[in-house]
Amino acid sequence: MTEKIPHAYVIGYPVKHSRSPQIHRYWLEFYGLAGSYDLAELEPEQLGPFINFLRQAENAGANVTIPYKQTVISHLDAIDEDAQNVGAVNTIYKEAGKLLGTNTDVYGFLTHLSQSVPEWHDDVEEVVIIGAGGAARAVLLSMKKANKINVHIANRTIGKAQNLANEIYARAKPIELSKLNTVLGSADLVINTTSLGMTGQPPLRFDVAVLPGHTIVADIVYSPLKTKLLQQAEDRGLRTVDGLGMLLHQAVRGFELWFGVRPQVTGELRQMVEKSLVSAS
Ligand code: NAP
């Protein structure tokens with residue numbers, strides 16, 4: 001009998017910008033595993049048929065990116081607790097013949113934060129999350145899981161920040177983005193989850209001078225790798241956490257589920273993705 005070669009994909013629209021093929025192909029080669037990982041750019045009407053295609057035996061699963069992280073849920077047999085709590089799926093896998101969804105962004109964010117600033121948990125009481133979009137959901141759940149009690153969500157659209165608090169973490173306090181400075185003065189950890197600062201987007205207007213000298217500044221935007229926010233924080237001597245590590249660490253669980261090996265986020269992998277981000281910017 002011939003061994004089946006597992007195939008995995010990243011589905012989204014657009015999806016060409018995704019770094020996931022680079023990451024998973026690196027690991028397939030690094031561990032000498034048979035398998036493939038490909039882009040699948042899908043129009044909305046192609047989503048359902050593609051999920052049915054994933055049910056074929058040779059397919060192991062997929063990553064899911066914008067705009068399907070929520071709409072894909074109705075096509076799956078079940079989603080796990082993390083995906084339920086975040087309200088979005090970024091990884092599809094198979095178990096006992098069922099197509100299941102999980103969300104690995106919470107693990108990715110917390111793992112990278114802990115590796116970048118190992119003492120963060122003890123140092124942080126007051127958290128300010130900027131943004132209330134899809135990625136903010138996972139970051140807010142991360143803070144809930146880490147038992148952080150004082151969390152503010154600053155967003156341009158205050159109603160979305162309120163919804164996030166209602167759905168994910170009732171302790172979190174919504175504020176308007178224009179009032180950000182009122183909470184920065186006591187912030188121990190500030191996390192940008194908006195798309196501001198990303199290549200092609202305006203920068204986040206942010207005065208790092210109002211932060212205390214011990215604040216940790218994280219930005220989940222990874223293109224460019226060093227956003228203006230991170231540069232300003234670094235210039236002030238603050239501890240910083242970039243967005244690339246979250247991207248690399250969130251990929252670990254998917255690879256393990258599809259190809260059977262828990263991969264390491266190596267320095268070589270990071271350098272390779274960094275290089276491609278620099279050449280694309
Ligand atoms: P999203 O759902 O579209 O949310 C965008 C957020 O940015 C919202 O809070 C939105 O505010 C805010 N925003 C956008 N334009 C703005 C403007 N001109 N002024 C003020 N606020 C503005 O996007 P997402 O999926 O959460 O992604 C956000 C960023 O995170 C992207 O850069 C993405 O690449 C990055 N990301 C990184 C990782 C990683 O692994 N490192 C993972 C996921 C996402 P409103 O609610 O008011 O519109």
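Which residues line the largest cavity? Keep that in mind while you get set up: what you have open is a predicted model, and this tour goes from its empty spaces to its ligand and then to some unusual bits of backbone.

**Stop 1: the cavity**

Select L196, G197, P203, L204, D219, T227, K228 and L229, and you have the lining of the largest cavity. The space inside comes to about 30 Å³. Don't go hunting for others of 30 Å³ or more, since the count at that size is one cavity. Try colouring your selection by class: the lining splits into four nonpolar, two polar and two charged residues.

How can a program find a hole like this? Rolling a probe the size of a water molecule over the atoms shows where empty space is left.

**Stop 2: a pocket**

Keep L196, P203 and L204 selected, because a pocket, unlike a cavity, is an open set of points, and these residues turn up in the lining of one too. Add L177, S178, L180, P202 and R205, and you have the lining of the second largest pocket. Its volume is about 150 Å³. Colour by class again and you'll get six nonpolar residues, one polar and one charged.

**Stop 3: the ligand**

Now click on the ligand and show what surrounds it. There are 22 residues in this shell, and the closest are G134, A135, N155, R156 and T157. Sorted by class, the shell holds 11 nonpolar, nine polar and two charged residues.

Which domains do they come from? Colour 7-103 + 245-280 as domain 1 and 107-242 as domain 2; each one gives at least three residues to the shell.

Next, zoom in on some oxygen atoms of the ligand and check these distances:

- N155: a polar atom of its side chain sits 2.7 Å from a ligand oxygen.
- R156: an N or O atom in its side chain is 2.8 Å from a ligand oxygen.
- A132: here the partner is a backbone N or O atom, 2.9 Å from a ligand oxygen.

How much of the ligand does the protein cover? On its own the ligand has 930 Å² of accessible area, and the protein covers 78% of that. Two helices are worth highlighting here: α6 (134-145) and α10 (244-259) are the elements that give two or more residues to the shell.

**Stop 4: backbone oddities**

Most residues other than glycine have a negative phi, and most peptide bonds are trans. Here are some spots that go the other way.

Select Y13 and P14: the peptide bond joining them is cis, with omega about -5°. You'll find P14 in the loop between β1 (7-12) and α1 (20-30).

Move on to I66 and P67, where the peptide bond is also cis and omega is near 5°. P67 belongs to the loop between β3 (59-64) and β4 (78-79).

Finish at A96. Is its phi positive or negative? It is positive, about 50°, even though A96 is not a glycine. Look for A96 in the loop between β5 (91-95) and β6 (98-102).

How values were computed:
Residues numbered from 1 in each chain as written. Predicted model: local features only at pLDDT ≥ 70, side-chain atom pairs only at ≥ 80, totals over all residues. Heavy atoms only, no water. 1 Å grid on protein atoms, 1.4 Å probe; cavity = no way out; pocket = protein on both sides within 12 Å on 5 of 7 lines; lining within 4 Å. Points joined across faces, edges and corners; volume = space filled by probe spheres on them. Nonpolar A, V, L, I, M, F, W, Y, C, P; charged D, E, K, R; others polar. Near = heavy atom within 4 Å. Polar contact = N/O pair within 3.5 Å; in protein donor to acceptor, adjacent residues only side chain to side chain. Areas by Shrake-Rupley, 256 points an atom, 1.4 Å probe, with all protein chains shown as cover. Helix = DSSP H or I, 4+ residues; strand = E, 2+ residues; numbered from the N terminus. Domains from an automatic or database assignment.
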